[in-house]
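Hi everyone, thanks for coming. Please have a look at the structure on the screen, and I'll walk you through it step by step.

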Amino acid sequence: MARVSDYDEQISQVVGSYLFVAVPTGEFESDGSPKYKTKKQLTSNVGAQGPIGPQGADGAAGAAGADGTNGTNGTNGTNGTNGTNGTNGADSEMTRSSTDSVSVGVGSKVFNYTVAATNLGWAIGTRLRAASVGTPANFVEGLVTAVDNTQVTINSDNFGGAGSSADWNITVAGDVGATGATGATGANGTDAFQITDGWCIETFEDYSAGSLSVPNAGVGWGADGQITGGTIVSRTVANGKTENRLELNNGEYIRQFHFGSEWHRIQIAILWRFTSSGNFNASGAIGLCNGANFRGFNSANCDNFLGVNYDGAGSPTLWTDTAETALNSYLQAVSTRWATRRVNTTTDRGSGAGSDGRRHSRTEAYRTLMLLEFSRPVAATVGTAVTYSTAMRTTNIDRINFSLSKHVILDMLMEANGTLGGNSDWATVTGSSTAPAGTVTNSWSFDESTGVFDSLNINWDDTTHLMEISAIGVRKVY
């Protein structure tokens, strides 16, 4: 902005008053504003003051000044006085009594309180125990499923004692803890009677349906066995219930006894049937072998075998489809042979006996019972010439029409005190008034030099008419 004016006249002492006036020069400053010159004028030469011109517009407002500093905080006021404490609430009622007669056990248990609750300390989902005051061993325990101030329902999942009580004290119980780690196995006790001392049992209920090559269940067996051509099947018996069976299709079963070869009289019971229909010719064998290498009767390198051979004079046995009173059976010819086998040579040890032959069920709901016995002298030495005697009984026409349970094999073995029990023992077990024809052979000399008799061996060679075994029982008599 330009100066107000330039004044270049020399100031001198002049009597009188002066009025200084800015007069534009007609020139401009560098910023475009006009230049002025100041002239002095004696006041005596100045006219009367003109009227006041209009007020100019207000200039723009100046910028706001900086904030001042905050003042210091004032002091806190004094605390007010504490209010008075409220009244204490009522304690929860954590026990109730009941005189309802309630039986000990699992399931839903209802208890009516002898005195109604006003501030009950449990709800649905709380675990309670109701214990008898007079007999504390009687208790039920479980989660609350329904509750109000007069009654509670417990779903008992834990209990003690027995019977019923009517003097219950009910209170909160803790949840059952997790199962602890299994403790160390205790030392063996003194020798006592065990079923494995002289029994081997196989019912095939421990196996799932389908192919089975390694039998490892049952009771009293010394080791896992071996099966070829074997399948577990489910069948329906005469009472409408189902049972598992081992089906042999051109197959073989071998399994060692728990007592091994330490026996001098041994009895074997088998419950079985044969499938399909029509006459056929087939071979098979049931008896004892050495199970160390699983080389039974069917092996070309059989270590040793002693038992029944369904193979007459070197040819398969004829099995005749026969209509019975209540079902059909196969009448197997009387040419059942006792035989021994070593390597690949089979030796006949006597022919069958009995005019009625051997009947074997072919109806699914019924099975045939067979009982075998093997004896040798107590003083017999393995590896030397040993005299063996054998015997056999099997179901005949008087018995084939009845339904047999699996436990009949145990009954038969327990009752067979004489040579296969004789007629009276057989009749006691089976309910038949007539014992079936038996096969008792003359004794012969044989040895176990190529393998001890420590295993059961069952062999079947047909692929159309299959062998189904329901149960096997073995008893070491001595």
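**A first tour**

The protein has 2 helices and 29 strands. By helices and strands I mean DSSP runs, with helices being H or I of at least four residues and strands being E of at least two, numbered from the N terminus. Please keep in mind that this is a predicted model, where local features need pLDDT of at least 70, side-chain atom pairs count only at pLDDT 80 or more, and totals for chains, interfaces and linings use all residues. Residues are numbered from 1 along each chain as its sequence is written, and side-chain values use heavy atoms, with hydrogens and water left out.

Some overall numbers next. The protein has 478 residues, and 41% of them count as buried. Buried here means under 20% relative accessible area, exposed means over 50%, and partly exposed is in between, using a 1.4 Å probe and protein chains only. About 24,900 Å² of the protein is exposed, with carbon and sulfur atoms supplying 49% of that. Those areas come from the Shrake-Rupley method with a 1.4 Å probe, and for residues only the protein chains shown count as cover. Among contacts with a separation of 6 or more, 71% are between residues 24 or more positions apart; a contact means heavy atoms within 4.5 Å.

Now to the sheets. Two strands pair if DSSP finds at least two bridges between them. As a reminder, strands of a sheet pair through backbone hydrogen bonds, either parallel or antiparallel.

One open sheet has 6 strands in the order β3-β10-β6-β7-β8-β5, with antiparallel pairing. Why do β3 and β5 each have one side without a neighbour in the sheet? Because β3 (95–98) and β5 (107–112) stand at the edges, each with a single partner strand. From one strand to the next, the twist averages 35°; for such angles, axes are lines fitted to C-alpha atoms, for helices over the stretch in contact, and angles run from 0 to 180 degrees between N-to-C directions. Within this sheet, β7 (residues 139–147) and β8 (residues 151–160) run antiparallel and are joined by 8 bridges. Valine 147 has valine 152 in β8 as its bridge partner.

Another open sheet has 4 strands, ordered β16-β19-β20-β23, and its pairing is antiparallel. The edges belong to β16 (280–282) and β23 (358–361), and each has a single partner strand, so one side of each is left without a neighbour in the sheet. The twist averages 35° from one strand to the next here. β16 pairs with β19 (residues 317–323) in the antiparallel sense over 3 bridges, and asparagine 281 stands opposite leucine 318 in β19.

Let's turn to hairpins. β13 (residues 226–236) pairs with β12 (residues 210–211) in the antiparallel sense over 2 bridges, and with β14 (residues 242–256), again antiparallel, over 10 bridges. Threonine 231 in β13 is the bridge partner of serine 211, while in β14 the partner of threonine 231 is glutamate 247. β13 and β14 make a hairpin with 5 residues between them, and glycine 240 in the turn has a positive phi of about 90°.

How many residues join β21 to β22 in their hairpin? The hairpin connects them through 1 residue. Valine 343 lies in β21 and has a positive phi of about 60° although it is not a glycine. Valine 343 is partly exposed, with a relative accessible area of 42%.

Finally, the inside. A nonpolar core is a set of buried Ala, Val, Leu, Ile, Met, Phe, Trp, Tyr and Cys residues joined through side-chain atoms within 4.5 Å. The largest one has 45 residues, and those touching the most other members include Tyr253, Phe257, Leu372 and Phe374. Strand β15 (residues 265–274) gives this core its largest share, 5 residues. Apart from it lies another core of 15 residues, including Phe111 and Trp122.

One last residue: is glutamate 373 buried or exposed? Glutamate 373 sits in strand β24 (residues 368–375), and it is buried, with a relative accessible area of 6%. Its side chain makes polar contacts with the side chains of arginine 265 (3.2 Å) and glutamine 267 (2.7 Å). A polar contact is a pair of N or O atoms within 3.5 Å; within protein, one must be able to donate a hydrogen and the other to accept it, and residues adjacent in sequence count only if both atoms are side-chain atoms.
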